[in-house]
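Reader: Please take me through the helix packing and the domain contacts, then the backbone details. Short answers will do.

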Amino acid sequence: MSDEEAVDFEQIEAETELATPEVFAGNLLEWAVERQASDLFISDEEQSVSIGIRRLGRVEQVRKLSRDYGRRLQGHVRVLAGGDPSEMIRPTQGRGVIVTPNGRKIDLRLSSIPSLYGQDVSIRLFDPVSGVRCLDELGYDTAELESIRELLRQPSGLILIAGPVASGKSSTLYAMVNELNDGTRKIHTLEDPIEHSIPGVIQSQINERANLGFAELLSTVLRHTPDVIMIGEIRDARTATTAIHAGASGQLVLATIHARSAAEAVDTMIHYGVNPKAISQSLLGAINQRLVGRICPKCGERIDGEQPEVDARVAPRLGNQSAELWKTIGCDDCYGHGFSEMTCVPEILSVNRTLKDVIANGSTAVTLEDAAKNNGMLCMAEALAARVFRGETTPHEAHRVIPAPQFSKLRVTV
Ligand SMILES: [Zn+2]
């Protein structure tokens, strides 16, 4: 693509139809990545094709295009992701790498399904330039970092990471692997997809079409005498059992799992048929996490005169600072949103002797959570409250992430 063809997205706003869909697609993807969008949507509507992005956890409508132009854009993006541009009846999926007019490389993962008025094209964006981040850069506070590092210092055992889609699970996994990757350990990862390459780590891609799922690859990798294994996701009984077994027999295993809380992660393993006793012998800890918007450092404002009540469990996380409430304003730096980035909020269940017994007894998630809280775990709402009172996020934002009553009370106050 020549420089003359490169068109700024803001210009395209007014003159879309003057740019070819190829040029527009490149600029649109670059524009989205610059704004830290995680997804881009190009959807057929009755009269038009709409473009939206998911940014800082929220969907934003960007603009509407004529149907003809929008469909050509959809087709082009599908070609970029290795899909069939003419397939209109069946869902399609694809992956690709695009180099934008400004020379930026963006990995994309596309899924397209037929909808009432045509197609809904959804593209996940991965910016390889942002690369693998360190644990310190993800938004954990000092106490949380210490708990996570304590888990990583163990020579063997299983560490589970739970949370919904787009809760920063893979950033955390990569940061953990990065921390362990000091040249003294043999590290293997099983991923779907491989989002970033990590020098010194052996990374394998899941390929379901070739019958290479997590379970098959995991069994093979164990013969390669790894010290650390990172499993993109535990989503079947065989992977769950093998991961527990590996953790109990000398390997440090890191894996994500589908669960709504740290305690429920143990439940999910039991649902996969793993014996509670075996879990108690292998599990080091479970981290459940969400992403929350951090107030823009340039335009955020403290609300004067507010003295919020702080729970005794949360107070130690404020250090010497008194509790504050902050609000968002919006400026050019944060594109008017009031938040500068998304940061991780974890609920960290570290398995000690007491919790080992609770797990071995096959207790419910509620019982395990209560026991963990009695042993010092801050639940998700408490970890979020600490961020609100430290002025890192707003009560509104905390309530959006976890609709807990304490945040709605603060919203009324603010
Ligand atoms: Zn701002």
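Author: Note at the outset that this is a predicted model. The crossing of α2 and α3 is right-handed.

Reader: Are α2 and α3 roughly parallel or roughly perpendicular to each other?
Author: Helix α2 covers residues 21-34 and helix α3 covers residues 67-80. Their axes come within 9 Å and cross at roughly 70 degrees. Angles of 65 to 115 degrees count as roughly perpendicular. The relation of α2 to α3 is therefore roughly perpendicular.

Reader: How many nonpolar residues does the contact of α2 with α3 have?
Author: On the α2 side the contact consists of Pro21, Glu22, Phe24, Ala25, Leu28 and Leu29. These meet Tyr69, Arg72, Leu73, His76, Val77 and Leu80 in α3. By class, 2 residues of this contact are charged and 1 is polar, while the number of nonpolar residues is 9.

Reader: Are α10 and α11 roughly parallel or roughly antiparallel?
Author: Helix α10 is made of residues 353-360 and helix α11 of residues 365-374. They pack with their axes 10 Å apart, at an angle of about 175 degrees. An angle over 145 degrees counts as roughly antiparallel. The arrangement of α10 and α11 is therefore roughly antiparallel.

Reader: How many charged residues are there in the contact of α10 with α11?
Author: From α10, Leu355, Val358 and Ile359 take part. Their partners in α11 are Thr367, Leu368, Ala371 and Ala372. The contact divides into 6 nonpolar residues and 1 polar, and the charged ones number no residues at all: none.

Reader: Is α8 oblique or roughly perpendicular to α11?
Author: Helix α8 spans residues 262-271, and the axes of α8 and α11 come within 8 Å. They cross at roughly 140 degrees. Because roughly perpendicular stops at 115 degrees and roughly antiparallel needs over 145, α8 is to α11 oblique.

Reader: What is the handedness of that α8 and α11 crossing, and how many charged residues does the contact have?
Author: The crossing of α8 and α11 is right-handed. Ala263, Glu264, Val266 and Asp267 in α8 meet Ala365, Leu368 and Glu369 in α11. By class, 4 of the contact residues are nonpolar, none is polar, and the charged ones number 3.

Reader: Which three residues supply 66% of the area that domain 1 buries against domain 3?
Author: The domain assignment gives domain 1 as 3-126 and domain 3 as 297-337 + 379-414. Their C-alpha centres lie 35 Å apart, and 7 residues of domain 1 are in contact with 5 residues of domain 3. The buried area is about 490 Å², with 44% of it from carbon and sulfur atoms. On the domain 1 side, the 66% comes from three residues that supply more than any other three: Arg35, Arg55 and Arg58.

Reader: Where is the proline that follows the cis peptide bond from aspartate 192?
Author: The bond from aspartate 192 to proline 193 has omega near 0 degrees and is cis. Strand β8 is 187-191 and strand β9 is 202-205. Proline 193 is found in the loop between β8 and β9.

Reader: What is the phi of glutamine 36?
Author: Glutamine 36 lies in the loop between α2 and β1 (37-44). Its phi is positive, in a residue other than glycine, with a value near 60 degrees.

Notes: Residues are numbered from 1 along each chain as its sequence is written. This is a predicted model: local features need pLDDT of at least 70, side-chain atom pairs count only at pLDDT 80 or more; totals for chains, interfaces and linings use all residues. Side-chain values use heavy atoms; hydrogens and water are left out. Axes are lines fitted to C-alpha atoms, for helices over the stretch in contact, and angles run from 0 to 180 degrees between N-to-C directions. Helices (H or I, at least four residues) and strands (E, at least two) are DSSP runs, numbered from the N terminus. Angles under 35 degrees count as roughly parallel, over 145 as roughly antiparallel, 65 to 115 as roughly perpendicular and the rest as oblique. A crossing is left-handed if the near helix is turned anticlockwise from the far one by less than a right angle, and right-handed if clockwise. Contact means heavy atoms within 4.5 Å. Ala, Val, Leu, Ile, Met, Phe, Trp, Tyr, Cys and Pro count as nonpolar, Asp, Glu, Lys and Arg as charged, and the others, Gly among them, as polar. Domain bounds come from an automatic or database domain assignment. Buried area is the accessible area (1.4 Å probe) that two parts lose on being put together, summed over both.
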